[in-house]
Every structure is written in structure tokens, then in C-alpha cells.
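Here is a short walk through one protein model, a stop at a time. Keep the picture open next to the text and find each residue as it comes up.

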Amino acid sequence: MRKNIVAGNWKMNTTVQEGVSLAQEVNALLKDAKTNCDVVICVPFTHLTAVNAVIDQNKLGLGAENCSEHDKGAYTGEVSAQMVASTGANYVILGHSERRQYFGENNEQLATKTRKALDNNLKPIFCVGEVLEERENGTYNDVVSSQLEALFGLSAEDFGKVVIAYEPVWAIGTGKTATADQAQDMHAHIRKVIADKYGKEVADATSILYGGSCKPTNAKELFAKPDVDGGLIGGAALKADSFMGIVEAFN
Ligand code: PGA
């Protein structure tokens, strides 16, 4: 059966020193904890090597927040999937709405980034989600279906390595969470779209995380829904105790 996963997305927060301390705190809390989910932190590129050195990846997975669609060469400022993997990271967030919105990432680029990630044994956490206007005008299912198409060049075997994160843009960092029913409806829709493309077995094995103002106070209700397999956590991942409060929602 599919895995439950709680993944932190630190975004552009913390210095290396602060990030190492935060990772150490989370690692220490996990050391003796009995958890019913995989726990991952996705951190800025600059932090990966230093964080990898202080965590036990048997307990706490490590990921980047993006990678380049290119392999190497004259792309000043870019970081390749191979570089990310060489730090010891095992995951990479792709297609976060902030990347789509502020850096213009589109399906074609995201299909390439996903390919590069998989070629370097990184597990993509692939984000989808509608903006407020699309929620209000009722096109949200179609919007998310078309975002998922970026993955549909993958073989079933490769698709099986991808984690999906549904993050309604109107809920990110706003304190306005989707209701557990709204999340469940969309997650069921996503699973159906995957089943139509790859079959029920692949769809049932795919972890679909919810993201957007997920906190210790609402995580339990969200994670109780049958198609919600965990969370991608922004703000609440920047404090070890609130992040662990979300991890414990699976206990
Ligand atoms: P948030 O961010 O938890 O701060 O809303 C989630 C995300 O963007 O991944």
C-alpha cells in the first residue's frame, strides 16, 4: 500500500546555521519517536550538504526545493539534479506554485525536470493546485488534470516513484486551509486521473499529500481522509515542535 509522508518545505528561509540547528532538532525529536509516516525536509540548495551531515536519513529524508531542467554547462546560477543527488538528498520538490507563478515554470519544463530528477534517483514531490479564481469559477479539477499531464510521458514504473502534492494556491501561507472535504474531493479526482492513465494499481500506490496552511491543529482531520496521504508543510515546518505536531497526527 502507499506510504504516508509528511514533508517540510522550508522555502527561502533560514541561514545555513539556523537550518542545521532546525534539522538537528527535528532529527533529535524523531530519534525516539514512533511514527506512522515517512518524514522529509526539503531545504535550500545551500543547506543540503550541511543538513545531510547532521541527520539520520533512516529517520528523516532530505530533499531540495527545485532542480534545473538542464544536465550541466553554461546555465549560471542553476543547480542540476545530479548536483542535488551528490549532496545526499533523495527528494526534490518540483512545480511548486511559487515556481510556476514567479519563475514561469510550465508543463514542458516540469516534464523535463521530472525526467532529470528520476534519472538521478531523486524522488519528485510534484505539486499541483488551482488559484483562487479557478476555485471560484469551478475549473479547479480541469486545471489540476492538465498540470498532471506534465507527468504522463513517464512509464508506469517511473510514475510509481513520484509523490503528488495538492496545494491549492489560495491556501498557501494564507492561514486559509482547504476543508478536509475539499481536499478529499480533489485527492480522489487526482487518483482517478492517475487510474485512467496508469491503472488502479498504480493510482492506489501513489502518495498524494495535501499542502496549504496545514498545522498541528488541522492535520489530523485532513490526514483522516482516505485519499490524503500526508502533507507538504511550509510555515509550520520552520519550528521543530509544530512540524512534529503534524507528524504525530498520524499516530
Ligand atoms: P504553507 O505552505 O504550509 O506555509 O501554507 C505550503 C507550501 O507552499 O508547500
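Start at Asn121, which sits in the loop between α5 and β5. Keep in mind that everything here comes from a predicted model. Is Asn121 buried or exposed? Its relative accessible area is 67%, so Asn121 is exposed; the cut-off for that word is over 50%. The backbone of Asn121 also has a positive phi of about 60°, even though Asn121 is not a glycine.

**Helix α5 and the loop before it**

Step back from that loop into helix α5, which covers residues 107-119 and holds Arg115. Arg115 has a relative accessibility of 30%, so Arg115 counts as partly exposed. Which residues does Arg115 touch, once those up to four places away in sequence are set aside? They are Leu154 and Asp158. Asp158 is 43 residues away from Arg115 along the sequence, yet their C-alpha atoms are 9.0 Å apart in space.

On the other side of the helix in sequence is the loop between α4 and α5, and there you'll find Glu105. Glu105 counts as buried because its relative accessibility is 7%, and buried means under 20%. Leaving out neighbours within four places in sequence, Glu105 is in contact with Asn66, Gly95, Arg99, Arg100, Leu110 and Lys113. With Lys113 there is a side-chain polar contact of 2.8 Å.

**Strands in the middle of the story**

Now go the other way from Asn121, into β5. Of its 6 residues, 5 are buried, so β5 is largely enclosed by the rest of the structure. β5 runs parallel to strand β4 (residues 91-94), and 4 bridges join the two. If you want to spot the pairing, look for Leu94 opposite Phe126 in β5. β5 also pairs with β6 in the parallel sense, over 4 bridges. There, Cys127 has Ala165 of β6 as its bridge partner.

How many residues of β1 are buried? The count is 5 of the 5, so β1 too is largely enclosed by the rest of the structure. Ile5, Ala7 and Asn9 point one way from β1, while Val6 and Gly8 point the other way. β1 pairs with strand β2 (residues 38-42) in the parallel sense over 5 bridges, and Ala7 stands opposite Val40 in β2.

**Helix α7 and its cover**

Helix α7 spans residues 140-148, and its buried residues are Val143, Val144, Ser145, Gln147 and Leu148. What covers them? The cover includes α4, α5, β5, α6, β6 and α9. So two elements you've already met, α5 and β5, show up again here.

For a look at α9 itself, find His189, which has its place in that helix. His189 has a relative accessible area of 19% and so is buried; the limit is under 20%. Not counting residues up to four places away in sequence, His189 touches Asn141 and Ser145. Ser145 is one of the buried residues of α7. Asn27, by contrast, is a long way off: 162 residues from His189 in sequence and 35 Å in space, C-alpha to C-alpha.

**Around the ligand**

Last stop: the ligand. There are 13 residues around it, and Lys11, His96, Glu167, Gly173 and Ser213 come nearest. The shell divides into 4 nonpolar, 7 polar and 2 charged residues. Here are three distances to oxygen atoms of the ligand.

| Residue | Atom in the residue | Distance to a ligand oxygen atom |
|---|---|---|
| Asn9 | polar side-chain atom | 3.3 Å |
| His96 | side-chain N or O atom | 2.7 Å |
| Gly234 | backbone N or O atom | 2.9 Å |

Taken alone, the ligand exposes 280 Å², and the protein buries 95% of that.

Two residues here tie back to β1. Asn9 is part of that strand, and Lys11 lies in the loop between β1 and α1. Is Lys11 buried or partly exposed? Its relative accessibility is 21%, so Lys11 counts as partly exposed. Lys11 has a positive phi of about 55° although it is not a glycine.

Methods:
Residues are numbered from 1 along each chain as its sequence is written. This is a predicted model: local features need pLDDT of at least 70, side-chain atom pairs count only at pLDDT 80 or more; totals for chains, interfaces and linings use all residues. Side-chain values use heavy atoms; hydrogens and water are left out. Buried means under 20% relative accessible area, exposed over 50%, partly exposed in between (1.4 Å probe, protein chains only). Contact means heavy atoms within 4.5 Å. A residue is near a molecule or strand if one of its heavy atoms lies within 4 Å of it. A polar contact is a pair of N or O atoms within 3.5 Å; within protein, one must be able to donate a hydrogen and the other to accept it, and residues adjacent in sequence count only if both atoms are side-chain atoms. Accessible areas come from the Shrake-Rupley method with a 1.4 Å probe; for residues, only the protein chains shown count as cover. Ala, Val, Leu, Ile, Met, Phe, Trp, Tyr, Cys and Pro count as nonpolar, Asp, Glu, Lys and Arg as charged, and the others, Gly among them, as polar. Two strands pair if DSSP finds at least two bridges between them.
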